[in-house]
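Grab a pencil and work through these exercises with the model open beside you. Try each task before you read its solution.

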Amino acid sequence: MNLYVEPGHPDAGAPLLAAIARALAAMGAEVVIAAGDDNLIRSRRADDPGTRPFVIVAAGLPNLVHEFAHAIQTGRLADDYGLDYSLIPLDLRVSAQRRLLWEELACCVLACAYAPASGDADAWFQEQVEIQGVFFGVSEGPEFVALVEATRAAHPDELPAVMEAAYRAFAQALCGVGATDAEAEPPQRLTFESLWERYCSRLPAWSLASR
């Protein structure tokens, strides 16, 4: 057992929760689900349950999907995904740092496709996207939109490739711990473009004038 869910949590018993926990166990992690908790990957502490070297803490299944998407994209577990915080704000002229933007956006999309919070994919996408700007030295909303738009325009093939690889790796990881092909597929295979367009459409009209 590597899955610890607080009593009464609404996601307790979800098949996807158990499947992701099995996949993370194979990578060397315990999973702790507690409403209102942080959402992160970290090395185990003395008071953590289980014995595996890492712990994934998440407030619920949608948050765990996001964290798992990070883990399967990097292919390993590390504190805060191994991000070197001294690099912040990340320099999107550097390929390796630009890839971190694409991976973050892929996490946002997969979390919506597999387990949208409260069943509302658009609201969950917005919540996830609007915490990303801090990594790139911009504010949420229009500034982050402008940054993403400019970077996509300069490197149009990169995000689609990362998105496709993320969907494929996520499904393969679930199949690797016993899920059928059908169970490993998301309830809805959402695209970044559709979620992003709807997100941008909800921003104040004046903020989109530069798009």
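## Exercise 1: Tyr-81, a residue in between

This is a predicted model, and we begin with one residue: at 22% relative accessibility, Tyr-81 counts as partly exposed.

Task: Explain why Tyr-81 gets that label, then find where Tyr-81 sits and what its phi looks like.

Solution:
- Step 1. Buried means under 20% and exposed means over 50%, with partly exposed in between. Tyr-81 has 22%, so it counts as partly exposed.
- Step 2. Look along the chain: Tyr-81 belongs to the loop between α2 and α3.
- Step 3. Check the backbone: the phi of Tyr-81 is near 65°, which is positive although the residue is not a glycine.

## Exercise 2: Another positive phi

Task: Work out whether Ser-118 is buried or exposed, and say which loop holds it.

Solution:
- Step 1. Find the residue: Ser-118 is in the loop between α3 and α4 (121-129).
- Step 2. Read its phi: the value for Ser-118 is near 55°, again positive in a residue other than glycine.
- Step 3. Use the cut-off: Ser-118 has a relative accessible area of 84%, and therefore it is exposed.

## Exercise 3: Between two helices

Task: Start at the end of α2 and say which residue follows it, then find the cis peptide bond that involves Pro-89.

Solution:
- Step 1. Right after α2 comes Gly-75, with a positive phi near 75°.
- Step 2. Pro-89 lies in the loop between α2 and α3.
- Step 3. The cis bond joins Ile-88 and Pro-89, and its omega is about 5°.

## Exercise 4: Helix lengths

Task: Check whether the span of α3 agrees or disagrees with 1.5 Å a residue, then look at α2 in the same way.

Solution:
- Step 1. Helix α3 covers residues 95-114, which makes 20 residues, so at 1.5 Å a residue it should span 28 Å.
- Step 2. The end C-alpha atoms of α3 are 28 Å apart, so the two values agree.
- Step 3. Helix α2 (residues 61-74) has 14 residues and reaches 20 Å from first C-alpha to last, close to the expected 20 Å.
- Step 4. Now the cover: in α2, 13 of the 14 residues are buried, and in α3, 16 of the 20 are buried.

## Exercise 5: A pair of rings

Task: Decide whether the rings of Phe-68 and Phe-170 are stacked or edge-to-face.

Solution:
- Step 1. The count of aromatic pairs comes to eight. In the pair of Phe-68 and Phe-170, the ring centres are 4.9 Å apart and the planes meet at 75°.
- Step 2. Planes over 60 degrees apart count as edge-to-face, so this pair, at 75°, is edge-to-face.
- Step 3. The partners come from distant parts of the chain: Phe-68 is in helix α2 and Phe-170 is in helix α6 (residues 158-175), 102 residues apart.
- Step 4. Phe-68 has 0% relative accessible area, so it is buried. Phe-170 is also at 0% and therefore counts as buried.
- Step 5. Ring pairs also build a cluster, which links Phe-125, Phe-136, Phe-144, Phe-192, Trp-196 and Tyr-199.

## Exercise 6: Glu-30 and His-9

Task: Find out whether Glu-30 is buried or exposed and which backbone nitrogen its side chain reaches, then do a similar check on the cover and contacts of His-9.

Solution:
- Step 1. Glu-30 is in strand β2 (residues 29-33). Its relative accessible area is 0%, so Glu-30 is buried.
- Step 2. The side chain of Glu-30 reaches the backbone nitrogen of Arg-52 at 2.8 Å.
- Step 3. Beyond its sequence neighbours within four places, Glu-30 is in contact with several residues, including Met-1, Tyr-4, Arg-44, Arg-52 and Phe-54.
- Step 4. His-9 is in the loop between β1 (3-5) and α1 (15-27). With a relative accessible area of 6%, His-9 is buried, because the cut-off is under 20%.
- Step 5. Leaving out residues up to four places away, His-9 touches Ile-33, Ala-34, Ala-35, Ala-59 and Gly-60.

## Exercise 7: The whole chain

Task: Count how many helices and strands the protein chain has, then explain why it is as compact as a globular protein of its length.

Solution:
- Step 1. The chain has eight helices and four strands. Its radius of gyration is 17 Å, close to the 17 Å from the globule rule for 211 residues, so the chain is as compact as a globular protein of that length.
- Step 2. Of the 211 residues, 47% count as buried.
- Step 3. Among contacts with a separation of 6 or more, 68% are between residues 24 or more positions apart.

How values were computed. Residues numbered from 1 in each chain as written. Predicted model: local features only at pLDDT ≥ 70, side-chain atom pairs only at ≥ 80, totals over all residues. Heavy atoms only, no water. Expected span 1.5 Å × (residues − 1). Buried < 20%, exposed > 50% of the residue type's maximum accessible area, 1.4 Å probe, protein only. Polar contact = N/O pair within 3.5 Å; in protein donor to acceptor, adjacent residues only side chain to side chain. Contact = heavy atoms within 4.5 Å. Rg over C-alpha atoms; globule rule 2.2 N^0.38 Å. Phe/Tyr/Trp six-rings, centres within 6.5 Å; stacked < 30°, edge-to-face > 60°.
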